[in-house]
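Grab the viewer and work through a few exercises on ring pairs, helix packing and nonpolar cores. Try each task yourself before reading its solution.

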Amino acid sequence: MFKTLLFKRTAQKELHAGQSADRKPSDSLPLKVSLASFWRMLKPYWTSKDSMISWFLLIVIIALTAGSIWIATSINTWYKTFWDTIQNYDVAAFKHQILVFALLASIHVVVTVYKAFLQSRLAINWRRWLTGKVMNEWLEKSTYYKLQLTDKNTDNPDQRIADDLSLFVNATIVLFLGTTTDLAMMVTFAVVLWDLSGSVDLTLWNGYVLHLPDGYLLYLALIYSVAGTLITFILGKPLVKLNFRQQRYEADFRFSLIRVRENAESIALYKGEEIENLTLRDRFFNVVKNYISLINCQKRLGFLTLGYAQLAVIFPILIAAPLYFAKIITMGSIMQINSAFGQVQSALSTLVANFSDWASWKAVIDRLALFFDGMERADNCKCIAAQKEGEVFKAEDLEVKTQSGEVLGQDISFSLNLGDSMLIRGPSGCGKSTLIRTIAGIWPFAAGSITEPKEGDVLFLSQKPYLPQGTLREAAGYPKAPESKGLTEEYFKALHLDHLIPLLDKEDIWSHILSLGEQQRVAFVRALLLKPKLLFLDEATSALDENSENIAYSLIKEELKNSIIVSVGHRSSLIAKHDFALSCVGGKWEFSRMEIIS
C-alpha cells in the first residue's frame, strides 16, 4: 500500500515528535523529519515501472542541461574574443563574432525551450501517478471518513491532494534540477575563474605591494557567496512557518466559502448571513494577518537578495580593474571574468536567490507528511469486517462506543433470514446511527462479529441522500452505471416523481435543486434499481408524508422480496412494515419479533 510505503512506524514517531503533545496543528516539522518524509514521497514513483518514461525524460533533460553548460562556457569565451575585437577596432573579426553569437544564442533558445517543455512533461507524468495513488489510498477502506474521526488536525485534505501534490512535484523538479545545474555551472566556471586568476603582485599606494595568490578570483567569489547565504538563512528562516500557515489559512477560508454555497438554502432560511459573514471575515482576517507578516519578511529578504545581486554586477569588475589598469589583462578578459564570476556567484548563491521557494517547498513537504501520517493512523483504526457466508444477516456480541470511549451498546445480537425486515428503535442519542455505521464497517470504535449473505450487494440509504455530480439518471443509479431500459422512468413515476422524468438526462447540482423529500424518493429509486441483498434505511423517509412512505416501503417489499431490510426510525407507522425490532430500552438493546412489542 502506498501509505505504508511512505510512512512506516519509525517515520510516524518522528512526525509525532515534531508535533505538540496535545495534537494541535503544527506549523513546521524539524528539518530531519522533513527530509525523511521527502525521501518517502520521492521513492515510490521513481522505483515503480510506471516511471520508465520519466527516467528517459530526466536523462534527456540532464543531457540538455549539459548542453546549456557548454553553451554558457562558449559564450563566456566569446565575451573575451568579442570585446578584444572591439578594443582592437577589428571590423572583420567583429562581424564574425556577431555570427558566432547568433549561432550560440539560437542553440541556447532551442535547448532552453525544450528543457522547459520536457520538465513540464516530467512533472505531469509524476503528478498524475502520485495523485492517483494518493486518491486511491484516501478513498479506499473509508480512510477519508475515518480521517475525520482520528485526526481533527489534518485540515483540508482536498487542498493537500489538489494543490500540495502539484506544488510538491513541480517545486521538486524545478529546485533540484536548478540546483544540479548550478552545481555543474559552479564547477565549470570555478575552473575558468582559477585559470583567469594567476598569482600577481600589484604595487599600490606608497609603494605597498599586494600579492594576489593563484585562484584569488575564485576565493573572493566563495567568500562573497557564503556570506550572502548565511545572512539570507538568518533573515529568511521565519518564511518556512509563515508559508505553512498561509497555505492552511487560505484553505480554511476557501472551505468556509464552499460551506456557504453547499448550505445556501439553510443559511437563507435561518437568516444567518450576518453570522456567516463574521465567520468568513474571521477566517479571512487570518489570511490577511499572516500574509502581512509574510510579505514583511519577504521585504527584508528582498533588500538583501536584490542588494546582493546588484553588488554582484560591479564586484568582479572592481576586483579585476587593478589588473586592467596595470595592463596585465585586456578589456575582453574583464568581460570574461565578469561573466565567469557571475556564473560562479550565481551557482553558489542558489540558496539566496531561491530561499523563498525552498521555504515554500518545505512547507508543502510538512503538510503532506502530516496528511500521510493522518491517513496511516486512520488506516490502522480497524473496523469490524463483515464475513460473507450463507444467506443470513446476523450480529453477535456487538459492542459500540463513542470516540471518547463511552459505551453506547453491548451484547447486541440478532439474526435475520432472506426476506426478513427489522426496525431499529430507541430514544435520540442512544446510538442507532452509530450502530448502522458499525454494521457498515466504517466505525472503528466497536467490537464483535457480523455476518452478511454471501451473494448480493449491500446498500445504505441515509436521511440526507448523496446525489453525485452529473445527470439525475446517473444519481439514481449511483454507485453503478445508469440504467437505460426504462426502469428509472417507471420507478420515478411510481414514487410520484413524474415531473422529474424530462430532466433525467440533464446535468445539474441536484442536491441543491431537489427538496429533501424528492431526494429521499430518488434514493428509493436507487435501491429499486440496484436491488441489494441487504438494504439499510437510516431515517430514509423522515421528509416524506405517510402516504409517500407507504408507497416507498410497498415498492421495496414488492421488488426486493428476497432482500433483508433494516430500518432506523421513530415513526410508529414503521412498526407494521417490519417483522423484527432491535430496541434500545434503558440503555440495553433487545431483539424480538414485532408482534411481541406492537
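Below are three exercises, each with a worked solution.

A word on ground rules: this is a predicted model, where local features need pLDDT of at least 70, side-chain atom pairs count only at pLDDT 80 or more, and totals for chains, interfaces and linings use all residues. Numbering starts from 1 along each chain as its sequence is written, and side-chain values use heavy atoms, with hydrogens and water left out.

**Exercise 1. Classify the ring pairs Phe38–Phe168 and Tyr45–Trp129, and say which parts of the chain they link.**

Step 1: get the criteria straight. Rings of Phe, Tyr and Trp (its six-membered ring) pair if their centres lie within 6.5 Å; planes under 30 degrees apart are stacked, over 60 edge-to-face and the rest tilted. The structure holds 29 such aromatic pairs.

Step 2: take Phe38 and Phe168. Their ring centres are 6.1 Å apart and their planes sit at 70°, so this pair is edge-to-face. Phe38 belongs to helix 3 (residues 31–46) and Phe168 to helix 7 (residues 157–196), so the pair ties together parts 130 residues apart in sequence. Helices here are DSSP runs (H or I, at least four residues), numbered from the N terminus.

Step 3: check burial, which means under 20% relative accessible area (1.4 Å probe, protein chains only). Phe38 has 10% relative accessibility and therefore counts as buried; Phe168, at 1%, counts as buried too.

Step 4: move on to Tyr45 and Trp129. With 5.2 Å centre to centre and 50° between the planes, this pair is tilted. Tyr45 is in helix 3 and Trp129 in helix 5 (residues 91–139), 84 residues apart. Both Tyr45 and Trp129 are buried.

**Exercise 2. Are helix 9 and helix 11 roughly parallel or roughly antiparallel?**

Step 1: find the angle. Helix 9 (residues 238–262) and helix 11 (residues 273–325) pack at about 155°, with axes 9 Å apart.

Step 2: apply the cut-offs. Angles under 35 degrees count as roughly parallel, over 145 as roughly antiparallel, 65 to 115 as roughly perpendicular and the rest as oblique. Helix 9 and helix 11 are therefore roughly antiparallel.

**Exercise 3. Which helix gives the largest share of the largest nonpolar core?**

Step 1: define the core, a set of buried Ala, Val, Leu, Ile, Met, Phe, Trp, Tyr and Cys residues joined through side-chain atoms within 4.5 Å.

Step 2: size up the largest one. It has 45 residues, and those with the most contacts inside it include Trp126 and Phe168.

Step 3: name the contributor. Helix 13 supplies the largest share, 12 residues.

Key
Helix = DSSP H or I, 4+ residues; strand = E, 2+ residues; numbered from the N terminus. Buried < 20%, exposed > 50% of the residue type's maximum accessible area, 1.4 Å probe, protein only. Axes fitted to C-alpha atoms, helices over the stretch in contact; angles between N-to-C directions.
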